[in-house]
Amino acid sequence: MTQPSKAASSRGRGRPPRLSREKIVDAAVALVYEDPGMPLTVKRVAEAADSAPMALYRYFPDQDDLLHAVADRVASDMRFDKPTGATWQERLRGWMLLSMEHLRPYPQLLPYIASTRQPSWLPSFALLTEMLRPLRLGDEDLAMAIALIGTTIMGQATLAASRVPAAEMSAVLREALGEADAVEQAEVGPVVDALPGAFDRLYDVVIDITIAAVESLAEDTSGTSPTPKRVRTAPTNPIFSSASSA
């Protein structure tokens, strides 16, 4: 995992270094990394950058602009050593695990990372393009594969940051299940007990599914699949379809 620079969080002797946009972002990234649960405010960032809050507004019009800049830095810092592995599947798995580990300390920045309009994801796009090159995907399928991988990582990181701990949720469900009848308790109880373990394995399973989806794109491109290229449509929701036919 890429750690923020320590320079922003420690004062040197003598005159403080001149304030700059880069120094402010350095200080903010260090604050979020060190205390992910504490909201990032202009006041806290100013203190970490040895400056007054009003001075930061010379570089950032508002707090939202500051958060976007910090999120862009976190995204652009996803420059890991190329994952090792004998196959592209192993290398992709390694990169997805590293990416999740990198994003984990920054839960409050995830919405800003997802909505960025800056080219902060370009290093990741370039690495994934090189990693998937052996598949000889066409441009559209390669773009689809990269979009799938990126949204999978961001979705899982956001879910992991916002959900209640699995053990706590399991306890709540188990308590509520105590009011159910014996049949429901017997059927649902073991599933509730298995919930924490399921969440522990969730990201590994999601990675397997993502790799399988990329493999299917490669099969379609190479023509090795006996079935014609699939037309991907939204699944039919049985609730809505039955309601519309009523």
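A salt bridge is a side-chain nitrogen of Lys or Arg within 4 Å of a carboxyl oxygen of Asp or Glu. The model shown here is predicted.

**View 1. Arg73 and Asp26 join two helices.** The side chains of Arg73 and Asp26 form a salt bridge, with N and O 2.5 Å apart. Arg73 belongs to helix α4, residues 63–76, and Asp26 to helix α1, residues 21–34. The partners are 47 residues apart, so this pair links distant parts of the chain, and its 2.5 Å contact falls within the 4 Å limit. Arg73 is partly exposed, with a relative accessible area of 21%. Asp26 is partly exposed too, at 22%. Why do both count as partly exposed? Buried means under 20% and exposed means over 50%, so values of 21% and 22% fall in between.

**View 2. Arg93 meets Asp208.** Here the salt bridge has an N to O distance of 2.0 Å. Arg93 sits in helix α5, residues 88–103. Asp208 sits in helix α10, residues 182–222. The two are 115 residues apart, and the pair links distant parts of the chain. Arg93 is partly exposed, with a relative accessible area of 24%. For Asp208 the value is 41%, again partly exposed. Asp204 joins in: Arg93, Asp204 and Asp208 are linked in a network of salt bridges.

**View 3. Arg104 pairs with Glu101.** What is the distance between the closest N and O atoms of Arg104 and Glu101? They are 3.7 Å apart, and the two residues form a salt bridge. Arg104 has a relative accessible area of 49%, which means it is partly exposed, since exposed begins over 50%. Glu101 is partly exposed at 35%. By the rule used here, the structure has five salt bridges. Side chains of opposite charge can pair when their charged atoms come close.

**View 4. The largest cavity.** The structure holds two cavities of 30 Å³ or more. The largest has a volume of about 40 Å³. Which residues line the largest cavity? They are Val42, Leu56, Tyr57, Phe60, Asp62, Gln63 and Leu66. This lining divides into five nonpolar residues, one polar and one charged.

**View 5. The largest pocket.** This pocket has a volume of about 220 Å³. Its lining has 13 residues, and the closest to the centre are Trp121, Phe125, Gly150, Thr151 and Met154. Helices α6 (110–114), α7 (122–131) and α8 (139–162) each give two or more residues to the lining. Which element gives the largest share? That is α8, with six residues. By type, the pocket lining has ten nonpolar residues, three polar and no charged.

**View 6. A nonpolar patch on the surface.** Val164, Met169, Val172 and Leu173 make a nonpolar surface patch of about 290 Å². Met169 lies in helix α9, residues 166–177. Is Met169 buried or partly exposed? With a relative accessible area of 31%, Met169 is partly exposed. Patches take residues with over 30%, so Met169 passes that cut-off at 31%.

**View 7. Pro119 in a loop.** Pro119 lies in the loop between α6 and α7. At 60% relative accessibility, Pro119 counts as exposed. Ala75 is 44 residues away from Pro119 in sequence. In space, the two are 9.4 Å apart, C-alpha to C-alpha.

**View 8. Two loop residues with positive phi.** Asp50 is found in the loop between α2 (42–48) and α3 (53–56). Its phi is near 55°, a positive value in a residue other than glycine. Asp50 counts as partly exposed, at 30% relative accessibility. Where does Arg136 lie? Arg136 is in the loop between α7 and α8. Arg136 has a positive phi of about 55°, although it is not a glycine. At 72% relative accessibility, Arg136 counts as exposed.

**View 9. The whole chain, for context.** The chain has eleven helices and zero strands. Of its 246 residues, 34% are buried.

Definitions and conventions:
Residues numbered from 1 in each chain as written. Predicted model: local features only at pLDDT ≥ 70, side-chain atom pairs only at ≥ 80, totals over all residues. Heavy atoms only, no water. 1 Å grid on protein atoms, 1.4 Å probe; cavity = no way out; pocket = protein on both sides within 12 Å on 5 of 7 lines; lining within 4 Å. Points joined across faces, edges and corners; volume = space filled by probe spheres on them. Nonpolar A, V, L, I, M, F, W, Y, C, P; charged D, E, K, R; others polar. Patch = residues over 30% accessible without salt bridge, like charges linked within 9 Å, V, L, I, M, F, W, Y side chains within 5 Å. Areas by Shrake-Rupley, 256 points an atom, 1.4 Å probe, with all protein chains shown as cover. Buried < 20%, exposed > 50% of the residue type's maximum accessible area, 1.4 Å probe, protein only.
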